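This report walks through a two-chain model, from overall build to single residues. Please keep the sequence and the coordinates open while reading.

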Amino acid sequence: MAEQPQAIKPIIEIDDLSSKKSIRDLPWWFFALILIAIYVFFIITTNQNYNDAFNFIKIGLVVTIKTTLISYVIAILFGLLAGLGRISKSVILNNISRLYVELIRGIPILVLIFFIAFVGVPVLVDGMNNIGYWLSGLGLDFLGKIFTAVTNQDLSMNARAITALAFTYGAYLAEIFRAGIQSIVKGQMEAARSLGMSYGQSMRYVILPQAIRNVLPALGNDFVAMVKDSSLVSVLAVRDITQVSRLYAGTTFRFREAYIILAVLYLTMTVILSLGVQLLERRLRKHD
Amino acid sequence: MTDQKPIIVVKDLYKYFGEIKAVDGVSMDIEQGKVVVVIGPSGSGKSTLLRCINHLEEPTSGEIWIDGEKLTHAAKQINEIRAEIGMVFQLFNLFPHLSVLENVTLAQKVIRGRSQDEANQIAMEKLKRVGIPEKADAYPSNLSGGQQQRVAIARALAMDPKIMLFDEPTSALDPEMIKEVLDVMLDLAQEGMTMVCVSHEMGFVRSAADEVVFMDFGKIVEHTTPEGLFNNPQNDRTKLFLSQILEH
């Protein structure tokens with residue numbers, strides 16, 4: 001029994017160590033980030049050149065946010081469908097989904113954006129229009145009008161950019177959904193099926209609610225990644241913050257002002273969103 | 001009762017997993033209201049046989065008839081038949097994202113088309129029957145194993161099944177919780193539910209079973225009554241198995 005105090009002692013020491021360590025472990029990098037952001041915003045309010053650049057560039061924020069949000073919502077739909085296809089027993093669905101995912105993952109996003117905007121979308125719309133003309137030729141004017149309602153001239157670069165981002169990210173999200181669904185133990189599907197539910201009903205009421213909850217942090221991370229990748233749509237002359245920064249720099253030759261502000265704007269958005277994702281992750285873990 | 005039509009008919013059932021013959025030519029009839037316990041060493045195919053009855057495993061060949069209807073591979077028919085057969089699993093398989101009440105009402109609403117109120121009322125009835133109405137708003141993760149298994153039984157009963165299948169319902173439970181689950185099963189048996197149970201609870205066999213099926217290597221070695229099993233086992237393998245599980 002005399003040894004007991006000795007056994008307790010090291011535990012206290014470990015506690016002391018860890019409390020010292022927690023000061024060392026403070027997220028200094030994060031404070032540095034905040035400082036940089038505060039410093040730049042301070043310059044923006046005090047320096048006229050930076051102020052002018054900021055007022056010009058911030059107009060692009062609406063386009064950046066809108067492009068990201070709309071693309072993401074559509075990408076979720078693509079991703080969910082392709083994710084379900086990837087685990088489907090149907091050979092056709094399975095292979096179509098796999099082809100989609102592998103095709104997208106094998107091509108750089110920048111190239112995909114060019115390709116979808118200048119090849120994919122026009123070819124698809126031309127095809128639809130041709131079907132429309134053919135239907136009209138058969139006398140089915142009503143159906144024909146539906147297929148010819150949208151022509152390539154109507155499709156703005158913004159719309160093509162959103163299509164490209166959504167289609168690209170759909171493939172990435174598909175893998176997240178697939179992993180999420182496969183993380184649910186087999187017994188859940190069996191229990192649902194044994195109650196008489198169809199495959200679709202079991203997915204909808206039992207598997208997907210659990211799977212989506214499991215992958216929420218991953219979905220959040222991809223949203224942050226999408227905010228950054230939305231800068232690529234500037235190559236289509238879509239006036240997001242990247243494009244307006246380039247415009248500003250090109251016309252005023254104030255490259256430094258334009259690109260410092262651009263970088264800090266992205267950083268501000270991604271850091272805030274990442275913090276949101278981390279909070280979400282912590283809350284989900286608490287509920288487990 | 002003797003000339004009653006069997007509610008479950010299994011005819012020449014085979015189920016192979018690749019080279020492994022999990023069920024190797026099984027035939028049996030089960031009459032309505034009977035409690036049949038399937039016993040046998042692990043890997044003898046008893047769980048697979050049970051899972052073939054509601055088509056969770058697709059038989060390699062053979063026929064299964066439920067209540068006079070032959071099971072085909074048609075998804076619609078399988079879904080309809082499954083709604084009439086309750087199943088209780090070894091690991092409970094409650095839906096962790098739903099409360100106890102929601103676990104018991106989900107299939108009632110989706111499959112039986114019952115209103116929320118009606119489903120709730122039936123769910124509470126079944127939860128009372130298994131003895132845990134006070135846990136209706138709890139989540140599965142906050143329940144003990146025994147409580148979870150009783151909720152699983154209530155979830156199956158809420159569909160008003162004609163048959164209940166139990167796949168080792170007490171194997172994953174701590175000893176002190178086995179009784180509360182067996183009591184519920186005993187209660188069901190006495191009310192005349194047709195039950196097929198894979199279980200090694202010999203107490204349950206003694207007090208509730210009408211028939212016992214002993215399986216080994218995918219085949220039915222002996223199909224007898226509890227008295228026949230305990231007092232007069234015919235087959236050497238049955239004797240050996242009994243001596244092994246009754247020893248301790």
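The text below takes the chains as wholes, then strands, then two residues.

This is a predicted model, in which local features need pLDDT of at least 70, side-chain atom pairs count only at pLDDT 80 or more, and totals for chains, interfaces and linings use all residues. Residues are numbered from 1 along each chain as its sequence is written, chains are lettered from A and ligands numbered from 1 in the order in which they are written, and side-chain values use heavy atoms, with hydrogens and water left out.

## The two chains

Chain A has 12 helices and zero strands. From the N terminus on, its elements therefore read α-α-α-α-α-α-α-α-α-α-α-α. Helices (H or I, at least four residues) and strands (E, at least two) are DSSP runs, numbered from the N terminus. Chain B is mixed, with nine helices and 10 strands.

How does the radius of gyration of chain A stand against that of a compact globule? A compact globule of 288 residues would be near 19 Å, but chain A has 26 Å. The radius is taken over C-alpha atoms, and the globule rule is 2.2 Å times the number of residues to the power 0.38. Chain B behaves otherwise: a compact globule of 248 residues would be near 18 Å, and the 18 Å of chain B agrees.

The table sets out further values for each chain. Buried means under 20% relative accessible area, exposed over 50%, and partly exposed in between (1.4 Å probe, protein chains only). Accessible areas come from the Shrake-Rupley method with a 1.4 Å probe; for residues, only the protein chains shown count as cover.

| Chain | C-alpha span along principal axes | Buried residues | Accessible surface | Carbon and sulfur share of surface |
|---|---|---|---|---|
| Chain A | about 100 × 70 × 30 Å | 39% of 288 residues | about 17,000 Å² | 68% |
| Chain B | about 55 × 45 × 40 Å | 54% of 248 residues | about 11,000 Å² | 48% |

Contact means heavy atoms within 4.5 Å. Take the contacts with a separation of 6 or more: in chain A, residues 24 or more positions apart account for 74% of them. In chain B, the corresponding share is 66%.

Charges come next. Lys and Arg count as positive and Asp and Glu as negative; His and the chain ends are not counted. Each charge is placed at NZ of Lys, CZ of Arg, CG of Asp or CD of Glu. Chain A carries 26 positive and 18 negative charges, with mean positions 3 Å apart. Chain B carries 25 positive and 36 negative charges, and their mean positions are also 3 Å apart.

## Strand 9 of chain B

Is strand 9 of chain B enclosed or open? Six of the six residues of this strand (residues 211-216) are buried, so it is largely enclosed by the rest of the structure. In a regular strand the side chains alternate between the two faces of the sheet. Here Glu211(B), Val213(B) and Met215(B) point one way, while Val212(B), Phe214(B) and Asp216(B) point the other way.

Two strands pair if DSSP finds at least two bridges between them. Strand 9 of chain B runs parallel to strand 3 (residues 35-39) of chain B, joined by four bridges. Within that pairing, Val38(B) has Val213(B) as its bridge partner. Strand 10 (residues 219-224) of chain B pairs with strand 9 in the antiparallel sense over five bridges. Phe214(B) stands opposite Glu222(B) there. Strands 9 and 10 of chain B form a hairpin with two residues between them. In the turn, Phe217(B) has a positive phi of about 50 degrees.

## A four-stranded sheet

Chain B also holds an open sheet of four strands, in the order 2-1-4-5, with antiparallel pairing. Its edge strands are strand 2 (20-31) and strand 5 (69-70) of chain B, each pairing on one side only. Strand 4 (residues 61-66) of chain B and strand 5 of chain B share two bridges. One partnership joins Ile66(B) to Glu69(B).

## Two residues

Lys126(B) lies in helix 4 (residues 116-129) of chain B. At 11% relative accessibility, Lys126(B) counts as buried. Leaving aside neighbours within four places in sequence, Lys126(B) is in contact with Ala154(B), Leu157(B), Ala158(B) and Asp160(B).

Leu138(A) sits in the loop between helix 6 (109-137) and helix 7 (141-148) of chain A. Its 52% relative accessibility makes Leu138(A) exposed. The C-alpha atoms of Leu138(A) and Gln243(A), 105 residues apart along the chain, are separated by 46 Å.
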